[in-house]
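Please open the model in your viewer and keep the sequence panel beside it, since this tour moves from one selection to the next.

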Amino acid sequence: MSQVRLEQVTKSFGGVLVIPPLDLVIADKEFVVLVGPSGCGKTTTLRMIAGLEQATSGEIRIGDRDVTTLRPGLRNCSMVFQNYALYPHMTVAENIGYGMKVRGTPKADIDRAVAEAARILNLGAYLNRKPSALSGGQRQRVAIGRAIVRQPDVFLFDEPLSNLDAKLRIEMRTEIKLLHRRLQTTIVYVTHDQVEAMTMADRVVVMSQGRIEQAADPITLYELPKNLFVAAFIGAPSMNFIEGTLERGGDNLVFHADGGVAIPVPNGRAALVAEAIGQPVVLGIRPEHTMVADPSFPTVPLKIADIEPLGPHTLAIGKIGPAAFTAQVPAGTRIRPDDTISVPIDHEKMHFFLKSTGEAIG
Ligand code: ATP
């Protein structure tokens with residue numbers, strides 16, 4: 001059982017509180033990704049689990065053990081770092097087996113474990129090479145191999161793919177996911193890249209300023225962001241936001257954007273957002289929810305400033321009234337900067353947030 005449990009864990013550096021009381025339970029065998037902007041406290045949280053930072057207060061448990069004050073070597077976690085941290089003078093095999101050697105493991109056992117890790121990670125042909133003779137992706141696999149042979153209760157990954165080029169990052173994403181399926185070990189993985197988080201995690205923990213904004217599976221985060229922060233952070237290109245108010249218009253509810261545009265709220269949503277009538281709200285609509293032209297969809301005028309053809313579709317970037325807005329339009333749509341186009345809004349996919357708190361409504 002290698003559940004990881006953080007209870008009311010805080011961290012201060014020199015009197016500055018960077019992690020206010022944090023509660024987080026990571027289930028046995030779960031792949032959890034901590035994601036958030038630079039400085040939000042992801043690495044600090046990971047390092048507290050590893051024991052590389054001491055929690056200022058609170059309790060950290062791994063399985064049924066209280067590890068809060070245990071030194072790192074006794075927590076049975078393996079950490080993989082962004083910069084690989086390999087020994088340059090050792091071969092791949094020596095790097096992978098080093099930790100076992102230090103602990104006095106018999107050579108035959110080390111050889112067996114190294115061979116098994118090399119097989120899993122496709123490193124068999126490189127065992128006698130030095131790290132300097134490996135590509136970035138191969139070096140990262142050696143670092144993962146070193147973590148595997150320790151047979152940890154928990155794998156901790158700190159931005160392990162940040163130094164790789166985009167193509168290799170995508171390949172390694174898949175490799176790490178396969179590894180998780182194969183080893184069935186709890187993984188806590190830190191990244192600032194929301195796409196990496198969404199594609200890899202069983203559950204994504206979105207952090208900001210040391211706090212958890214939302215922890216949920218990727219699709220829930222995308223479809224039901226709890227607040228403006230999560231809505232803006234998850235998804236690329238980012239969700240569009242238009243400020244305005246909800247008003248009654250006859251039998252219907254209508255969103256009136258500051259600056260003039262009016263968008264009817266579908267009946268199915270009206271009851272849910274009615275609590276916010278008359279209050280300043282923010283409408284959120286993702287760029288990909290502007291493409292399908294259904295005659296029942298309301299349309300809004302988008303004044304185009306720039307166009308990004310991406311192949312499968314094109315992004316039309318501009319403004320709706322005073323609000324910046326990016327719409328996804330079909331590839332090959334004939335549009336030019338300064339055109340004003342009519343953009344359909346999939347109103348079933350609209351999000352509403354209270355402007356005062358940023359919390360989602362409806
Ligand atoms: P990044 O993606 O940039 O690595 P992060 O989300 O991992 O960011 P942390 O490295 O955990 O953020 O840092 C959280 C906060 O704690 C930041 O404000 C940082 O400046 C501060 N911090 C981290 N380590 C220390 C330290 N050793 N001494 C003082 N402040 C620190």
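In this predicted model, begin by selecting residues 107-121, which form helix H3, together with residues 136-148, which form helix H4; the two pack at an angle of about 135 degrees, and their axes lie 9 Å apart. An angle between 115 and 145 degrees counts as oblique, and H3 and H4 are therefore oblique to each other. Seen as a crossing, the pair H3 and H4 is right-handed. To find where they touch, show the side chains of Ala-117, Ala-118, Ile-120 and Leu-121 on H3, which meet Arg-141, Ile-144, Gly-145 and Ile-148 on H4. Coloured by residue class, this contact of H3 with H4 comprises six nonpolar residues, one polar and one charged.

Keep H3 on display and add residues 92-102, which form helix H2; here too the packing angle is about 135 degrees and the axes of H2 and H3 are 9 Å apart. With that angle H2 is oblique to H3, and the crossing of H2 and H3 is right-handed. From H2, the contact draws on Ala-93, Ile-96, Gly-97, Met-100 and Lys-101, while H3 supplies Ile-110, Ala-113, Val-114 and Ala-117. The residues in the contact of H2 with H3 are seven nonpolar, one polar and one charged. Ala-117 is worth labelling, because it belongs to the H3 side of the contact with H2 and also to the H3 side of the contact with H4.

Next, hide the helices and turn to the strands. Which six strands form the open sheet with mixed pairing? Select S6, S7, S8, S3, S9 and S10, which lie in the order S6-S7-S8-S3-S9-S10. At the edges are S6 (77-80) and S10 (211-216), each of which pairs on one side only, and from one strand to the next the twist averages 20 degrees. Zoom in on S9 (residues 203-208), which runs antiparallel to S10 and is joined to it by five bridges; within this pair, Val-204 stands opposite Ala-216 in S10.

Now move to the other six-stranded selection, an open sheet with antiparallel pairing whose order is S13-S12-S11-S14-S19-S20. S13 (262-265) and S20 (360-361) are the edge strands, and because each has a single partner strand, one side of each is left without a neighbour in the sheet. Inside the sheet, select S14 (residues 280-285) and S19 (residues 351-354), which pair in the antiparallel sense over four bridges. There, Val-282 stands opposite Phe-353 in S19, and Leu-283 has Phe-352 of S19 as its bridge partner. Following Phe-352 onwards leads to S20, where it stands opposite Ile-361; S19 and S20 run antiparallel and are joined by two bridges. In the hairpin of S19 and S20, five residues lie between the strands, and Gly-358 takes a positive phi near 80 degrees.

Finally, select the ligand. Which residues are around it? They are Phe-13, Val-18, Gly-36, Ser-38, Gly-39, Cys-40, Gly-41, Lys-42, Thr-43, Thr-44 and His-192. With three residues, helix H1 (residues 42-50) gives the most to this shell. Colouring the shell by class shows three nonpolar residues, seven polar and one charged.

Notes:
Residues are numbered from 1 along each chain as its sequence is written. This is a predicted model: local features need pLDDT of at least 70, side-chain atom pairs count only at pLDDT 80 or more; totals for chains, interfaces and linings use all residues. A residue is near a molecule or strand if its C-beta atom, placed from the backbone, lies within 6 Å of it. Ala, Val, Leu, Ile, Met, Phe, Trp, Tyr, Cys and Pro count as nonpolar, Asp, Glu, Lys and Arg as charged, and the others, Gly among them, as polar. Two strands pair if DSSP finds at least two bridges between them. Axes are lines fitted to C-alpha atoms, for helices over the stretch in contact, and angles run from 0 to 180 degrees between N-to-C directions. Angles under 35 degrees count as roughly parallel, over 145 as roughly antiparallel, 65 to 115 as roughly perpendicular and the rest as oblique. A crossing is left-handed if the near helix is turned anticlockwise from the far one by less than a right angle, and right-handed if clockwise. Two residues are in contact if their C-beta atoms, placed from the backbone, lie within 7 Å.
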